[in-house]
Amino acid sequence: MVQKVLVVEDEELLNRQLCDMLETAGYEAVGSLDGVNAMLAFKSFNPDLVLLDIQLPPTSGIEVCKQIRAISGVPVIMLTAKTDDEDVVAGLEAGADDYIFKPMPSFKVLQARIEARLRPKPVPEVNELVIGPLVIDVLGHEVRRDGVRVPLTPLEFNLLQTLAEAPKQVFKREDLLKKVWGYHYDADTRLVNVHVQRLRSKIEDDPDNPKIVVTERGVGYKAGQF
Amino acid sequence: MLAGIFSAVIGAFRRSIQLRYVALTVAFSAVALVAVGGFLSYSIGNGLFHTRVEQILQESKRATLDVQNTFNSSGATDVVSLQVLVNAVVPNLEQNVASGSRRVALLRTPNQATDQFLQSPISSTLVDSDIPIAMRAKVAKTENRLVYRTVTLNVSGNMEPSVIVGSKITIPIAGQYELYLVYDISDAQATLDFMQSTLAFGGLIMILLLGIVAYFVTGRIVGPVARAAQVAEELALGALDKRLPERGQDIVATLARSFNQMAQSLETQIGELSKLSKMQQRFVSDVSHELRTPLTTIKLAAEMLEARSGELDEKAQRSLDTLISQVARFESLLSDLLEISRYDAGAVVAELEPNDLNTVVKLAAAGLEPLAESLGCALDVRVPKGEVIADLDRRRIERVLRNLISNAIEHGSGKPIVIEVGQSKSAVAVTITDFGVGMSRNQMDRVFDRFWRADPARKRTTGGTGLGLAISLEDTHLHHGWLQVTSELGQGTTFRVTLPRKNGGIFTESPLPLGETLSQRKIV
Ligand SMILES: Nc1ncnc2c1ncn2[C@@H]1O[C@H](COP(=O)(O)OP(=O)(O)OP(=O)(O)O)[C@@H](O)[C@H]1O
Ligand SMILES: [Mg+2]
């Protein structure tokens with residue numbers, strides 16, 4: 001099955017270049033030049049992944065990302081020329097799974113990131129995991145709390161599942177980047193920090209005093225003991 | 001305790017002009033008032049006393065005359081009638097007095113040829129010993145004049161200031177007698193005391209009032225000055241919009257006006273400067289951002305072409321290589337510029353975490369292995385056993401090391417490069433030594449300058465911009481560390497990075513040497 005990528009980028013030439021290269025690489029790509037069109041294209045094209053530029057007129061990429069997240073958990077990779085930390089963090093907090101700076105080291109790097117987001121998870125060994133008040137339905141890709149479904153993005157789900165599968169293990173941020181994001185080289189560990197925060201805000205009773213995803217100071221994160 | 005209060009008072013004096021002037025005013029006026037008051041009370045007291053004594057002497061003179069006349073004119077010759085006369089003297093004189101009370105004694109002058117046969121009458125509250133012996137001797141010797149003394153007498157427990165007036169009386173037959181009239185002058189003393197205490201009280205009130213007046217007057221003068229001082233201080237601390245109130249036409253208003261003018265021009269100039277520098281920083285950052293998108297397009301397009309390079313002829317292939325390498329160079333220049341502009345804008349925060357320096361060094365060296373290999377030089381990495389943990393912003397330190405190692409490779413003339421890690425309790429260090437072209441003293445001084453390169457025409461394989469060391473220096477300073485260099489022309493160069501082990505830690509010495517001559521450190 002051909003996978004579909006929506007490219008949201010206001011610079012027409014870059015947009016076309018990206019679409020061309022994606023198509024050469026075997027994806028089905030659709031480009032869209034602004035935020036409003038992007039939402040329309042998202043609904044009609046129904047992509048498997050979104051490449052999203054942050055500086056978009058008139059609605060910013062961050063706004064578009066929020067709108068996408070409101071209706072879908074589809075992986076979003078941000079493209080950004082801004083290297084200021086606040087912009088990266090703002091994008092991740094809006095729900096983006098990953099980001100890549102312009103100019104990226106090469107198209108191959110971008111492709112590797114895309115593939116990491118689209119790669120199907122290996123068939124799990126167990127069907128259900130329990131961590132505190134949460135029940136993780138691994139096959140159904142669902143998390144329930146007291147029978148009520150908690151809406152998580154696929155990435156957040158993977159993050160929680162990874163922690164829950166090895167309840168005693170402390171994961172370093174680098175380990176999580178490798179396991180959850182599929183990075184095999186050094187990358188920004190803030191990705192992990194921001195997504196752990198987002199995950200906590202969805203599953204914890206008190207996100208400032210987390211019980212399910214616990215910070216191990218100076219090391220990383222682990223699943224809480226119940 | 002006492003010393004503490006003392007030094008606190010001294011301190012308050014040092015700090016407050018107003019307090020000093022109030023104290024000075026009070027001290028001077030106190031001295032003046034004590035002088036004036038003392039003089040007044042002395043002369044008033046004197047006046048009072050003299051009038052009283054004058055009056056007493058008048059009365060005494062009359063009384064003495066009366067008594068002497070009584071005896072002279074009586075003609076009594078027998079003891080009994082004389083005694084009657086003598087006895088009448090005391091009650092007579094006690095009663096017939098113009099003001100106050102008077103006590104009386106009629107005493108026989110001792111050591112006379114004849115014997116005493118008359119009794120000496122004396123007022124009931126008076127005793128012989130109240131009359132000083134010296135006075136009695138004086139009276140005995142004095143003719144036709146009154147002798148007086150001021151004394152304090154004990155009258156049934158009360159000390160009464162009194163004046164004793166003595167004179168000689170000759171009683172026919174009976175011989176020489178002395179008449180003593182004792183006047184109580186405590187009423188005059190009381191008047192004097194009252195006057196003195198009124199004076200003292202008035203003086204105190206006066207001093208207090210003067211103090212208060214001095215406080216307000218100095219306050220009027222010191223107040224504006226103090227306000228100006230405070231505003232100047234706030235201004236110096238960066239509150240550039242602070243101003244003084246301008247009221248009236250006097251010297252204080254002039255001070256305020258010129259102060260405000262000064263502050264205004266200061267504010268305008270500083271505002272202008274910071275606006276300019278902000279604009280410049282924004283400009284650099286905007287330019288590099290704006291350039292990124294087209295750069296990405298060019299880069300992707302070149303990559304697409306590269307994938308099809310089999311279809312190109314040799315010349316087109318070379319053009320493509322040039323395109324790719326120059327795009328890469330352009331990109332690194334852009335990111336260096338952006339990084340520098342971030343530092344200039346003060347927008348850089350270190351993310352310090354415990355990291356193993358050995359790992360960071362090995363990673364940086366491994367990343368440059370291909371470049372080293374292409375220039376035929378070996379990288380000799382020497383790290384201590386185990387881990388060298390320090391608080392590092394790993395990304396930045398790796399960048400510093402990458403730049404230093406790539407510089408060494410570029411300028412190392414293909415000879416081996418030694419990379420050494422050292423540690424002490426308080427610091428960690430890395431030295432990167434090459435045995436290549438080296439630098440002169442002058443070149444060494446400029447090596448950390450932006451865009452500076454020893455020889456701009458020198459062949460560059462990595463497309464340097466001359467920003468690398470400037471950024472490395474900022475990165476080490478961000479860690480509160482050192483970046484130092486020593487070099488000898490034609491011999492080689494050593495760069496040394498020294499960082500505190502703990503964030504905010506202090507070190508005075510680097511764990512690795514730098515000054516050693518390079519020839520001594522030749523590798524085997
Ligand atoms: N190890 C060395 N031996 C001799 N000269 C050196 C050495 N390291 C630096 N230099 C001199 O200092 C200059 C500035 O170095 P710097 O790293 O700042 O810039 P660059 O390497 O030219 O460019 P880039 O910004 O890509 O690093 C170099 O061009 C070179 O002339
Ligand atoms: Mg350099």
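Colleague: So two strands count as paired if DSSP finds at least two bridges between them. With that in hand, which residue stands opposite A:Val213 in S12(A)?

Modeller: That's A:Ala223. Keep in mind that this is a predicted model. Strand S11 (residues 213-216) and strand S12 (residues 220-223) of chain A run antiparallel and are joined by 4 bridges.

Colleague: And how many residues sit between S11(A) and S12(A) in that hairpin?

Modeller: There are 3 residues between them, and A:Gly218 in the turn has a positive phi of about 80 degrees.

Colleague: What sheet do S11 and S12 of chain A belong to?

Modeller: An open, antiparallel sheet of 3 strands, in the order S10-S12-S11 (chain A). Strand S10 (171-172) and S11 of chain A are the edge strands, each pairing on one side only.

Colleague: Which helices lie across S11 and S12 of chain A?

Modeller: H6(A) lies across S10, S11 and S12 of chain A, at about 70 degrees to S12(A). Helix H8 (residues 190-203) of chain A lies across S11 and S12 too, running at about 145 degrees to S11(A).

Colleague: OK, switching sheets. What's the strand order in the open sheet of 4 strands?

Modeller: In chain A the order is S6-S7-S8-S9, with antiparallel pairing. At the edges you'll find strand S6 (128-131) and strand S9 (148-150) of chain A, each with pairing on one side only. On average, neighbouring strands of this sheet are turned by 30 degrees against each other, ignoring direction.

Colleague: What does helix H6 of chain A touch on that sheet?

Modeller: Helix H6 (residues 154-165) of chain A packs on the sheet and touches S6, S7 and strand S8 (142-145) of chain A. Its direction makes about 105 degrees with that of S7(A). H6(A) also lies across S10, S11 and S12 of chain A, as I said.

Colleague: Back to S6(A) for a sec. How many bridges does S6(A) make with S7 of chain A?

Modeller: S6(A) and strand S7 (residues 134-137) of chain A pair over 4 bridges, in the antiparallel sense. For instance, A:Val130 has A:Val135 in S7(A) as its bridge partner.

Colleague: New topic: how many residues of chain B are in contact with chain A?

Modeller: 16 residues of chain B, and they contact 23 residues of chain A. The two chains bury about 1800 Å² between them, with 57% of that on carbon and sulfur atoms.

Colleague: How many salt bridges are there between chain B and chain A, and how many residue pairs in polar contact?

Modeller: The salt bridge count is 0. For polar contacts, there are 5 residue pairs, both residues being at pLDDT 80 or more.

Colleague: Which helices supply the side of chain B that touches chain A?

Modeller: Helix H6 (251-307) and helix H7 (314-344) of chain B each supply at least two residues. H6(B) gives the largest share, 11 residues. By type, that side of chain B has 5 nonpolar, 4 polar and 7 charged residues.

Colleague: Last one: where should I look for odd backbone geometry?

Modeller: Two spots. Most residues other than glycine have a negative phi, and most peptide bonds are trans. The peptide bond from A:Lys102 to A:Pro103 is cis, though, with omega near -10 degrees. A:Pro103 lies in the loop between strand S5 (98-101) and helix H5 (107-118) of chain A. In chain B, B:Asn111 isn't a glycine, yet has a positive phi of about 60 degrees. You'll find B:Asn111 in the loop between strand S1 (102-108) and helix H4 (133-141) of chain B.

Note on methods
Residues are numbered from 1 along each chain as its sequence is written. Chains are lettered from A and ligands numbered from 1 in the order in which they are written. This is a predicted model: local features need pLDDT of at least 70, side-chain atom pairs count only at pLDDT 80 or more; totals for chains, interfaces and linings use all residues. Side-chain values use heavy atoms; hydrogens and water are left out. Axes are lines fitted to C-alpha atoms, for helices over the stretch in contact, and angles run from 0 to 180 degrees between N-to-C directions. Contact means heavy atoms within 4.5 Å. Buried area is the accessible area (1.4 Å probe) that two parts lose on being put together, summed over both. A salt bridge is a side-chain nitrogen of Lys or Arg within 4 Å of a carboxyl oxygen of Asp or Glu. A polar contact is a pair of N or O atoms within 3.5 Å; within protein, one must be able to donate a hydrogen and the other to accept it, and residues adjacent in sequence count only if both atoms are side-chain atoms. Ala, Val, Leu, Ile, Met, Phe, Trp, Tyr, Cys and Pro count as nonpolar, Asp, Glu, Lys and Arg as charged, and the others, Gly among them, as polar.
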